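User: I am new to this structure. Please take me through the ligand and its surroundings.

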Amino acid sequence: MSEPAIRIFPNLDGLSHAVAARFAELTRQRAREGKNFSVALSGGETPQALYGLLAGKEFSVPWERVHLFQVDERCVPPDHQESNYGMIREALLSRVPAAAPNFHRMEAESSDLEKAARDYQEVVARELASPKDQWARFDLILLGMGPDGHTASLFPGTPALSEKSRWVTPNFVAKLGTHRLTLTYPVLNAAVEVIFMVSGARKAGTLREVLEGPPRPEQFPSQAVRPEDGRLEWYVDAAAASLLKQAAGRSA
Ligand code: 6PG
């Protein structure tokens, strides 16, 4: 892959507008070719503004052509306040009737997480028409980064970091005392395009380690996202970028 592009915006609003514009452009381009577009969405707080923008009138997205998936899910029922699906439903799906039928939910409330992971892998394979001997190749994966450097539900020092065969796996996160379901590195790294969205001063030190520090992916799992034949872009706000050497004097 080529070197990651790093784009710095004054604040989360600017960053969210830029990602929404990219999302709209990519999906429209695909629709003009008469093809579907596949995108995996993160949970957490950072993308909520983006999903709100995509649901509004400012950006035109051909939703009937867009297949939506989850990057990861917490092991709670869909109506729980910590559910990533719940957040995506509230911010986007409930406001865009055309998007809801093409959303594929991770059923992480299941008592059999291994089966839930296998089932989700099958859904992805079917919808993306992935050949059996290849990794699923999403057109776009939207990722966040936690203050500890995790991304998706790939947390520092957890078993899923070494998953080499499955596309979706349960992951026990000891420091949270809970399981998650998550896409794995091979799938993240097979995507056509991966966009990280990072906002806020509390992530500045970790962002510097991830982007400018020595390779330590066990400690900073976001470092291991390196699409092999795809494009990697970091959309960050000025507060998160404040400790980057390469940020000095730059903005998008
Ligand atoms: C989740 C995620 C996770 C998230 C980061 C950043 O389930 O929380 O999908 O990987 O992207 O934790 O979260 P914030 O945007 O809330 O800081």
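User: What makes the space taken by the ligand a pocket?

Analyst: The ligand takes the space of the largest pocket. A pocket is an open set of points on a 1 Å grid over the protein atoms alone, with protein on both sides within 12 Å along at least five of seven lines. A molecule sits in one if more than half of its atoms lie within 2 Å of its grid points. This is a predicted model: local features need pLDDT of at least 70, side-chain atom pairs count only at pLDDT 80 or more, and totals for chains, interfaces and linings use all residues. Residues are numbered from 1 along each chain as its sequence is written, and side-chain values use heavy atoms, without hydrogens and water.

User: How much space lies in the largest pocket?

Analyst: About 710 Å³. That volume is the space filled by probe spheres set on the points.

User: Which residues line the largest pocket?

Analyst: There are 32, and Gly43, Gly44, Glu45, Thr46 and Arg74 lie nearest its centre. Lining residues have an atom within 4 Å of a point. Helix α3 gives the most, with five residues.

User: Which residues come nearest to the ligand?

Analyst: Thr46, Asp72, Arg74, Ala152 and Lys203, out of 17 around the ligand. A residue counts as near if one of its heavy atoms lies within 4 Å.

User: Why is the pair between His150 and the ligand called a polar contact?

Analyst: A polar contact with the ligand is a pair of N or O atoms within 3.5 Å. An N or O atom in the side chain of His150 is 2.7 Å from a ligand oxygen, so the pair qualifies. For Arg180, a side-chain N or O atom is 3.3 Å from a ligand oxygen. Ala152 uses a backbone N or O atom, 2.6 Å from a ligand oxygen.

Methods:
A polar contact is a pair of N or O atoms within 3.5 Å; within protein, one must be able to donate a hydrogen and the other to accept it, and residues adjacent in sequence count only if both atoms are side-chain atoms. On a 1 Å grid over the protein atoms alone, a cavity is a set of points where a 1.4 Å probe fits but cannot get out, and a pocket is an open set with protein on both sides within 12 Å along at least five of seven lines; lining residues have an atom within 4 Å of a point. Helices (H or I, at least four residues) and strands (E, at least two) are DSSP runs, numbered from the N terminus.
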